[in-house]
Amino acid sequence: MTLMGALQLNLGGAPAGPAGTGKTESTKDLAKALAKYCVVFNCSDGMDHLLVQRYFKGLAATGTFCCFDEFNRINEEVLSVIAQYLLQLFTSKARMEPEITFEGSQIKMKPTFCVFITMNPGYAGRKDLPDNLVALFRPVAMMVPDYAMIGEIMFYSFGFQEGRALAEKMVTTFTLASEQLSSQCHYDYGMRAVRTVINNAGILKAQFPNMDEQQLLQRALRDVNVPKFLADDLPLFENIIIDLFPGVERPEPKYFGLCEEIEKACIKFNMECSEHFMTKVLQLYDTTVVRHGLMIVGPTGAGKTQNYRVLSTAITAL
């Protein structure tokens, strides 16, 4: 509603808040509700005014929404130029001008376009916005949402019967993990981790519709989190799972012939297929199911390259 108010007042919208509060998602959802195409652009300090200029020309001509993510990463001198561009565009939009001359180009103007910026205050390398830019945006403060409620709705949408109970257990698992496990820079217990677990549980639910739902969630939590935990944290995480799912048997994942192919691939590469290596290859496979891009981390000679080579050979053979 606040962002719609900003549109009414001929301003841009500027959601600000810590990571994982849904700034970008809210903007994308608003665009979806209004049937508008929304382009999300991740800003960096390498952006210059020419890039932004081309962007604005396209936005004004097509009438689409744009969301500049992490806007306060852009250098200050570029920000002040952006303020001048926006002032010109918003003024023309208010006057309902059908065509404008913008930075040497004659462009048709669709008044439905709008610019949203998201900001993450208090991070290193972030700047305060110049005053002439702040005046063009309506600020919206965001706070950490109720993950359990979001989880409950998403669980129900995937066809789970016990959405509320499962969501509460999942949130408790993440809370306990964040308190008890060591703090590593690649550990993430925020909104993105929550969504990944639920999506994984949804995939499993489709594969095994008659399996106990507690078991499905337990396996999803393990599949998503175990591959990234360090050796010292694994027993701690295992204890959290056992405490939260008392009496729930650990489901044995079925890989339908993948393990046999991994063993053959190891022989092909003149490697010994130890139990630990097999586990790591299967963990990589589990991660590929729920992630678009992956990072395999470890010291030299730990078998990172051989891991994905063996997996790719095994999957190709299947």
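Confidence comes first: mean pLDDT (the predictor's confidence in each residue, from 0 to 100) is 89 for the protein, and 98% of the residues reach 70 or more. Among the helices and strands (DSSP runs numbered from the N terminus, helices being H or I with at least four residues and strands E with at least two), the low point is helix 5 (residues 131-134), with a mean of 87, and the high point is helix 13 (residues 304-317), at 94. This is a predicted model, so to speak for local features a pLDDT of at least 70 is needed, side-chain atom pairs count only at pLDDT 80 or more, and totals for chains, interfaces and linings use all residues. Residues are numbered from 1 along each chain as its sequence is written, and side-chain values use heavy atoms, with hydrogens and water left out.

On to the charges. Salt bridges (a side-chain nitrogen of Lys or Arg within 4 Å of a carboxyl oxygen of Asp or Glu) number 10 in a search of the whole structure. One of them links Glu-97 to Arg-95, with 3.3 Å between the closest N and O atoms. For accessibility, buried means under 20% relative accessible area, exposed over 50%, and partly exposed in between (1.4 Å probe, protein chains only). Arg-95 is exposed at 59%, while Glu-97 is partly exposed at 24%. Another bridge pairs Lys-108 with Glu-99, at 3.7 Å between the closest N and O atoms; here Lys-108 is exposed at 57% and Glu-99 partly exposed at 38%. Lys-205 and Glu-213 also meet in a salt bridge, 3.2 Å from N to O, and both of these residues are buried. Glu-25, Lys-28 and Arg-195 are joined into one network by salt bridges that share partners.

Lys-205 has a ring to deal with as well: its charged end sits over Phe-160, 5.4 Å from the ring centre (the cut-offs being NZ of Lys or CZ of Arg within 6 Å of the centre and within 35 degrees of the ring normal). Lys-93 likewise lies over the face of Phe-113, at 5.1 Å from the ring centre.

As for ring against ring, there are 15 aromatic pairs (Phe, Tyr or Trp rings, the six-membered one for Trp, with centres within 6.5 Å; planes under 30 degrees apart are stacked, over 60 edge-to-face, the rest tilted). Tyr-85 and Phe-102 pair edge-to-face, 5.4 Å centre to centre with 70° between the planes. Because Tyr-85 lies in helix 4 (residues 76-94) and Phe-102 in strand 4 (residues 99-102), the pair ties together parts 17 residues apart in sequence. Both residues, Tyr-85 and Phe-102, are buried, and they belong to one aromatic cluster with Phe-41, Tyr-55, Phe-56, Phe-68 and Phe-71.
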